[in-house]
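Biologist: Could you take me through one part of this model up close? I'd like to hear about the helix that sits by the ligand and what else that helix touches.

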Amino acid sequence: MLYSINDIIQAVQKGDFLLLAKTITHLENKEEGSEDFIDKLSSQKTPVIGITGPPGAGKSTLISSLVGKMVEQGNKVAVVSVDPSSVVHKGALLGDRIRMREWYLHPSVYIRSLATRGHLGGLVSSIEAIVKLLQVVGFDAIILETVGVGQSEVQVAQIAFPTLLVLVPEAGDDIQMMKSGLFEVANIFVVNKTDRPEAQKFVNHLRQNLAERAVGINKISLVETIANNGEGVAELLTVIKSYHAS
Ligand SMILES: Nc1nc2c(ncn2[C@@H]2O[C@H](COP(=O)(O)OP(=O)(O)OP(=O)(O)O)[C@@H](O)[C@H]2O)c(=O)[nH]1
Ligand SMILES: [Mg+2]
């Protein structure tokens, strides 16, 4: 079921996301006419902020806090979470409903999960289409959350700018991330859960590692946060905006 883009825009303006949601489902399933519909849209440069990192790093908590700051500043925000596993899907979704509870019914916030049933590869083109639609219908920013370390996540990360890699001061995760291509495509490294002991050691180690690699023209930033109490999140938003300004 495809609606006219103007009808979708008008509904979104009023905080009614039903037509948008139905259209996204259509695109997600690559139903007939999807490609044509998307091709006809004029592109918009609405910022797409990528947030990626290992499971449980605090991505959703961070997003909830970021969304709060953005809404406070009068912005309309869409959050797309790409969930790689059907097994944990229901649990993850439930958890997110709790963590982002205050945003689910907010007229300035649209939240959408896309399940991949284990393989993200086939979904990448749908995600591109969905992001293009969200850019056109009147949001001020789009947040794209992905979990994991695979090549497809790297592809998704490249739709966004800047891409945030959320890490936590725990042994193992950092090594895993450094090996993945995500470490190469990330613009902002967020060390979350800095309330944990040994956090500073991790931050120093990471800072050193990044300094050794920082030879190209690409700007790399490191921000420390405690997502569940909002510490560092205002600074993070400022850093994100500095990328959009450049
Ligand atoms: N101590 C501490 N806990 C945090 C912090 N940020 C998030 N958490 C907790 O970490 C857990 C996981 O947070 P989520 O936001 O669901 O993490 P996620 O990265 O979205 O997880 P997935 O979507 O499952 O990959 C939750 O219990 C949060 O309350 C933090 O800065 N410090
Ligand atoms: Mg999450």
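Modeller: Here is a look at helix H4, from the ligand side to its helix partner. This is a predicted model, where local features need pLDDT of at least 70, side-chain atom pairs count only at pLDDT 80 or more, and totals for chains, interfaces and linings use all residues. Residues are numbered from 1 along each chain as written, with chains lettered from A and ligands numbered from 1 in written order.

The chain has eleven helices and seven strands, which are DSSP runs numbered from the N terminus (helices H or I, at least four residues; strands E, at least two). Around ligand 1 there are 17 residues, the closest being Gly58, Lys59, Ser60, Thr61 and Ala227; being near means that the C-beta atom, placed from the backbone, lies within 6 Å. H4 (59-72) and H5 (86-99) each give that shell at least two residues. By class, the shell holds six nonpolar, seven polar and four charged residues; Ala, Val, Leu, Ile, Met, Phe, Trp, Tyr, Cys and Pro count as nonpolar, Asp, Glu, Lys and Arg as charged, and the others, Gly among them, as polar.

Now for the partner. Ser65, Leu66 and Lys69 in H4 meet Val233, Ala234, Leu236 and Leu237 in H11, contact meaning C-beta atoms, placed from the backbone, within 7 Å. That contact has five nonpolar, one polar and one charged residues. The axes of H4 and H11 (residues 233-245) come within 10 Å and cross at roughly 70 degrees; axes are lines fitted to C-alpha atoms over the stretch in contact, with angles from 0 to 180 degrees between N-to-C directions. So H4 and H11 are roughly perpendicular, a label for 65 to 115 degrees.

Methods: Angles under 35 degrees count as roughly parallel, over 145 as roughly antiparallel, 65 to 115 as roughly perpendicular and the rest as oblique. Two residues are in contact if their C-beta atoms, placed from the backbone, lie within 7 Å.
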